[in-house]
Amino acid sequence: MLSPVRTVAPAVPLLTLDDAKAHLRVDHADEDALISGLIDAATAHLDGYNGILGRALITQTWAAEFPTFMDRMDIPLGPVQSATIQYYDSLNAQQTLATSVYAVLSDGLGPYVTLKYNQQWPQTYTRDDAVKITFVAGYGATAPEVPAAIRSAMLLLIAHWYDNRSALSVGESVSEMPFSVTALLAPFRRVGT
């Protein structure tokens, strides 16, 4: 699989500047740029393909490409709301696969596409991007649909970065993320991270 690409960004932020300022108990505009930057950094740290959770938080669209059809084609981000498949047929013409042929499922390893019973994959042209899965992922279109633990962890992370402008040394160890953030995020981390 080639690295997935986000084709449609979330329409709304997970946290607003007002949310973060209320949590930080900041009632002036002097540090709005700093706090906005921390919101962006925390979002990038948690959300999407490069985020530590390996999940899409607010609804967004991604595309993943494969060299051919396989029994199991892992979708790199969940939770998946919908998926469509396009492929290059044996004549190198792009086609859209009927949804009656495949199913989008999820297990302990994450979401994936597989054949439905008594179906078969079509032949593809030989190319690295022969199969393209375009999928909509995320908990929902608004911030309240994202689990409260993730939103709380993000606020705690922003507060930690706001209060500690560099890594915090505790004895001989260095803590880049407070235990409370790690504990809140633990149930949502993808397998293997």
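**Entry: where α1 meets α2**

I began with the contact between two helices, where Leu 17, Ala 20, Lys 21 and Leu 24 of α1 meet Asp 32, Ile 35, Ser 36 and Ile 39 of α2. I sorted these residues by class and noted five nonpolar, one polar and two charged. A reminder before going on: I am reading a predicted model.

Next I looked up how the pair is arranged. Helix α1 covers residues 17–24, and its axis lies 10 Å from that of α2, at an angle of about 105°. Angles of 65 to 115 degrees count as roughly perpendicular, so α1 is roughly perpendicular to α2.

**Entry: α2 again, now with α3**

I stayed with α2 (residues 32–46) and turned to α3 (residues 148–163). Their axes come within 10 Å and cross at roughly 130°. This pair is therefore oblique, and I noted the crossing as right-handed.

Which residues of α3 make the contact with α2? I found Met 154, Leu 157, Ile 158, Trp 161 and Tyr 162 on the α3 side. On the α2 side I listed Leu 34, Ile 35, Leu 38, Ile 39, Ala 41, Ala 42, Thr 43, His 45 and Leu 46. By class, this contact has twelve nonpolar residues, two polar ones and no charged ones. I also spotted Ile 35 and Ile 39 in my list for α1 with α2, and both names are here in the contact with α3 too.

**Entry: a three-stranded sheet**

I moved on to the strands. One sheet is open, has three strands in the order β3-β7-β6, and pairs in the antiparallel sense. Its edge strands are β3 (73–74) and β6 (102–107), each with a partner on one side only.

I took the β3 side of the sheet to begin with. Here β3 and β7 (residues 110–115) run antiparallel and are joined by two bridges. Met 73 has Val 113 of β7 as its bridge partner, while Asp 74 is partnered by Tyr 112.

Then I took the β6 side. How many bridges pair β6 with β7? I wrote down six, again in the antiparallel sense. As an example, Ala 103 stands opposite Thr 114 in β7. A hairpin of two residues leads from β6 to β7.

I also asked how much of β7 is covered. Five of its six residues are buried, so β7 is largely enclosed by the rest of the structure.

**Entry: Gln 60**

Is Gln 60 buried or exposed? Its relative accessible area is 1%, and buried means under 20%, so I marked Gln 60 as buried. This residue lies in strand β2, which covers residues 60–66.

I then looked up what surrounds Gln 60, leaving aside neighbours within four places in sequence. Its contacts are Arg 6, Val 8, Ala 9, Pro 10, Asp 47, Phe 135, Val 136 and Ala 137. I also checked Gln 60 against His 23, which is 37 residues away along the chain, and found their C-alpha atoms separated by 26 Å.

**Entry: three spots in the loops**

My first loop stop was Pro 79, in the loop between β3 and β4 (80–88). A cis peptide bond joins Gly 78 to Pro 79, with omega about -15°.

Next came Arg 25, in the loop between α1 and α2. Its phi is near 60°, a positive value in a residue other than glycine. With 76% relative accessibility, Arg 25 counts as exposed.

Then I visited Asn 118, in the loop between β7 and β8 (131–137). Phi here is near 65°, which is positive in a residue other than glycine. Asn 118 is exposed too, at a relative accessible area of 68%.

**Entry: stepping back**

I ended with the protein chain as a whole. What is the pattern along the sequence? I read β-α-α-β-β-β-β-β-β-β-α-β-β-α, from four helices and ten strands. The C-alpha trace spans about 60 × 35 × 25 Å along its principal axes.

Of the 193 residues in the chain, 38% count as buried. My last note is on contacts between residues at least 6 apart in sequence: 69% of them join residues at least 24 apart.

Definitions and conventions:
Residues numbered from 1 in each chain as written. Predicted model: local features only at pLDDT ≥ 70, side-chain atom pairs only at ≥ 80, totals over all residues. Heavy atoms only, no water. Pairing = 2+ DSSP bridges. Axes fitted to C-alpha atoms, helices over the stretch in contact; angles between N-to-C directions. Parallel < 35°, antiparallel > 145°, perpendicular 65-115°, else oblique. Left-handed = near helix turned anticlockwise from the far one by under 90°. Contact = heavy atoms within 4.5 Å. Nonpolar A, V, L, I, M, F, W, Y, C, P; charged D, E, K, R; others polar. Buried < 20%, exposed > 50% of the residue type's maximum accessible area, 1.4 Å probe, protein only.
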